[in-house]
Amino acid sequence: MQGRLSVWLIKHGLVHRSLGFDYQGIETLQIKPEDWHSIAVILYVYGYNYLRSQCAYDVAPGGLLASVYHLTRIEYGIDQPEEVCIKVFAPRRNPRIPSVFWIWKSADFQERESYDMLGISYNNHPRLKRILMPESWIGWPLRKDYIAPNFYEIQDAH
């Protein structure tokens with residue numbers, strides 16, 4: 001089943017994949033990394049003027065990484081604003097996704113955290129550097145295949 005935004009995107013020839021609806025009825029769409037920047041601009045112009053949150057996760061060990069955007073249409077006098085969830089999947093070897101910092105400034109620290117924890121590089125982000133871990137840290141701590149340096153199992157401590 002396709003939602004209102006998916007139908008609108010199809011009508012205007014914009015490539016995406018509908019992932020259905022979440023438990024709150026919010027439409028979820030998948031956008032390819034190479035299409036994300038142009039579709040993000042279109043969504044902003046269409047009225048999605050608020051980036052509620054951006055996060056990222058490791059889909060499966062050795063698999064894809066996902067960058068997730070929750071967008072909201074904030075309008076005067078509307079008490080139930082329209083929302084959409086966008087998922088952009090990137091390959092693990094060289095995860096690159098266009099930054100939406102220049103569209104929604106609130107993406108700044110959120111994209112930096114996704115970079116710091118999962119190693120997703122956001123193209124054209126003005127300050128893409130570690131935000132939680134020290135600059136000398138090696139690896140991406142939230143990847144499912146991450147092995148912590150100097151980690152010893154409890155049973156090895158006798």
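**Exercise 1. Work out what share of the protein's residues is buried, and get a feel for its overall build.**

Solution. Start with the cut-off: a residue counts as buried when its relative accessible area is under 20%. By that rule, buried residues make up 42% of the 158 residues in this predicted model. Next, look at the outside: the accessible surface comes to about 9,500 Å², and carbon and sulfur atoms own 56% of that. Now for the dimensions. Along its principal axes, the C-alpha trace spans about 65 × 35 × 30 Å. Finally, check the contacts with a separation of 6 or more: 52% of them come from residues 24 or more positions apart.

**Exercise 2. Count the helices and strands, then read off their order along the chain.**

Solution. Tally the elements first, and you get 3 helices and 7 strands. Then walk from the N terminus, and the pattern goes α-β-β-α-β-β-β-β-α-β.

**Exercise 3. Trace the five-stranded sheet: which strands sit at the edges?**

Solution. Lay out the strand order, which is β1-β2-β5-β4-β3 in an open sheet with mixed pairing. The edges are β1 (17–21) and β3 (50–58), since each of these pairs on one side only. Ignoring direction, neighbouring strands are turned by 20° against each other on average.

Zoom in on one pair now. As a reminder, strands of a sheet pair through backbone hydrogen bonds, either parallel or antiparallel. Here β3 and β4 (residues 65–72) go antiparallel, over 8 bridges. To pick out one contact point, take Y57: its bridge partner in β4 is A66.

**Exercise 4. Place helices α2 and α3 against the strands, and find their directions.**

Solution. Take α2 first. This helix packs on the sheet and touches β4 and β5 (83–90). Compare directions, and α2 makes about 160° with β5. Move on to α3, residues 107–118, which lies across β3 and β4. Against β3, helix α3 runs at about 0°.

**Exercise 5. Find Y44 and decide why it counts as partly exposed.**

Solution. Locate the residue: Y44 is in helix α2, which covers residues 33–46. Recall the limits: exposed means over 50% relative accessible area, buried means under 20%, and partly exposed is in between. Y44 has 38% relative accessibility, so it counts as partly exposed.

Last step: who shares the surface with it? Y44 joins V41 and V45 in a nonpolar surface patch of about 280 Å².

How values were computed
Residues numbered from 1 in each chain as written. Predicted model: local features only at pLDDT ≥ 70, side-chain atom pairs only at ≥ 80, totals over all residues. Heavy atoms only, no water. Patch = residues over 30% accessible without salt bridge, like charges linked within 9 Å, V, L, I, M, F, W, Y side chains within 5 Å. Areas by Shrake-Rupley, 256 points an atom, 1.4 Å probe, with all protein chains shown as cover. Salt bridge = Lys/Arg side-chain N within 4 Å of Asp/Glu carboxyl O. Helix = DSSP H or I, 4+ residues; strand = E, 2+ residues; numbered from the N terminus. Buried < 20%, exposed > 50% of the residue type's maximum accessible area, 1.4 Å probe, protein only. Pairing = 2+ DSSP bridges. Axes fitted to C-alpha atoms, helices over the stretch in contact; angles between N-to-C directions. Contact = heavy atoms within 4.5 Å.
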